[in-house]
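Here is a structure that is new to me, and I would like to understand why its parts are described as they are. Please set each value beside the definition that it has to meet.

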Amino acid sequence: MDLIQKVRNRERLTQEEGEALYDLDLYTLGELADEIRQEKYGKKSYFNINRHINPTNVCADICKFCAYSASRKNPNQYTMSHEEILEIVKHSQEIGAKEMHIVSAHNPNDGVEWYMGAFRKIKEQFPDLHVKAMTAAEVDFLTREYGISYDEVLDLMIENGVDSMPGGGAEIFDEEVREYLCKGKVTSNQWIEIHQKWHERGRQSNATMLFGHVETRAHRIDHMIRLRDLQDKTGGFNAFIPLVYQRDNNFLKVKEFPSGQEILKTYAISRIMLDNIPHIKAYWVTASINLALIAQEFGADDLDGTIEKESIQSAAGAASSHGMNLDDFVALIKNSGFQPIERDSLYNELKAY
Ligand code: V47
C-alpha cells in the first residue's frame, strides 16, 4: 500500500517504511505529522515551569559528545553540597518552579547517599515539588560503582522521593555507533531494561535520542522502534525527545550537521513512528527556540520548560544557560499560532494561557 495512505490509516510502520518517510518532501511529512498531532491535541502546546539542576560535572565515563563533564577541555570540576542544592531548590520554588529536573555526571567520589540524600531532603522540605531525576546512565553507573543491582537503585530512588525519570543517556541505540560515542556507559539493552523496571514499578519516564552527529537515518528509525517495542509492553513513556547534537567544546568531530529540514523531518517522523508515545517534545534548548516553534507544525506538541539554568547543552554551544522567561515563552507560543498550556510533569493540564 502507498506509504502516505498507510500513515493516514494510522497503520504501524516498519523499519524500511520509517526510512522511506525521509524521502517524502518536508511539507508532505509535516502535514502527515500535523494531522496526528492535531487529532491528539489540536493547537495545544505543552510546557512546564521547571528548574534544571546539574549537581556535579565530575564523571567516571567519557562520552565524545559531552562538553559538560570535567575533562581536559573543561578542567573546572564542581560538586554541589546538599545545602547548595537545597538553596537552589528553595529559590526556584519561590519563583514558581514545580519540577526539579536533576541530572548529574557519574561522580565516583561521594557515594550513593550523595545522590539519594539530595532527593530525600528536597522531598522532606518541598513535598509538593515533582522530582524528575536520575537518567538510566546514572542508575547503571551506581550499580557498577557500588555493586548494587538495578532493582536496588530504583527502589532507593522511590524511597527517597524521585517521582519520574528523565530520558537522558539513550543517545543512539545502535551498538556500533554507541560504542564509538560512549564506550563503557550504559548499553542500549541496559537502558531499555532500566526503564522497563521503572515502568513496572508504576512509574513514568521519558526517552531521548541524540541525533545529528555520526548516525544514519536508519539508526534513528531503529532507535524509535526499540522504544516503541518497550512502550507496547509497559506504556510508561510520556514523551520522546529528539536532541539535536550541539558541537562545541567536545571530542566528537562531525563532518556535516543536519539542516533545519532534516531536524524537522526527524520530529515529524518520530510523531508518525511512535504511535504509542503520547508526546513529542521539541526541546527548545537543542533545537533553538525558533526551530522548536516551527516544530509545533511538524508533530511536536511539547517544548519542555522555562528551565531557569541549563548546563549540559549550553556547555556545547546551545543558547540556554539562563533558561526562558515565562512571559516570553507564552508570548512566543501564542504568536506562533498555538495555545500555551502549562502542564505538570505527568502532563496533567494546569493552566491555559
Ligand atoms: O543524555 C549531552 C545530551 C542529555 C550533548 O526527560 C547533548 O524531559 C546535545 O536527557 N548536544 C541529557 N545533547 C539531557 C536530557 C533531557 C533534556 C531535556 C528534557 C529531558 C526529559 C531530558 O543531554 C544526555 C545527552 O544525550 N547531551 N551532550 C550535546 N553536545
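The questions and answers below take up cysteines, a sheet, a cavity and one loop residue.

This is a predicted model, in which local features need pLDDT of at least 70 and side-chain atom pairs count only at pLDDT 80 or more, while totals for chains, interfaces and linings use all residues. Residues are numbered from 1 along each chain as its sequence is written, and side-chain values use heavy atoms, with hydrogens and water left out.

Q: Why is Cys59 not in a bond with the closest cysteine sulfur?
A: A disulfide is a pair of cysteine sulfur atoms within 2.5 Å, and the sulfur of Cys59 is 6.5 Å from the closest one, that of Cys63, which is too far for a bond. Cys182 is likewise in no disulfide, with the sulfur of Cys63 as its nearest at 4.7 Å, and a search of the whole structure finds zero disulfides.

Q: What makes Cys182 buried?
A: Buried means under 20% relative accessible area, exposed over 50% and partly exposed in between, with a 1.4 Å probe and protein chains only. Cys182 has a relative accessible area of 2%, so the residue is buried, whereas Cys59, at 26%, counts as partly exposed.

Q: Why are strands S8 and S10 said to stand at the edges of the sheet?
A: Strands are DSSP runs (E, at least two residues) and helices are runs of H or I of at least four, numbered from the N terminus; two strands pair if DSSP finds at least two bridges between them. Four strands form an open sheet of mixed pairing, in the order S8-S1-S9-S10. S8 (302–305) and S10 (349–352) each have a single partner strand, so one side of each is left without a neighbour in the sheet.

Q: How do you know that S1 and S8 pair, and in which sense?
A: Strand S1 (residues 44–48) and S8 are joined over two bridges, and the sense is parallel. Within S1, Tyr46 stands opposite Asp302 in S8.

Q: What makes Ser311 count as buried, and where is its place?
A: Its relative accessibility is 18%, and Ser311 therefore counts as buried; its place is in the loop between S8 and H14. Leaving aside neighbours within four places in sequence, Ser311 is in contact (heavy atoms within 4.5 Å) with Asn54, Tyr68 and Tyr78.
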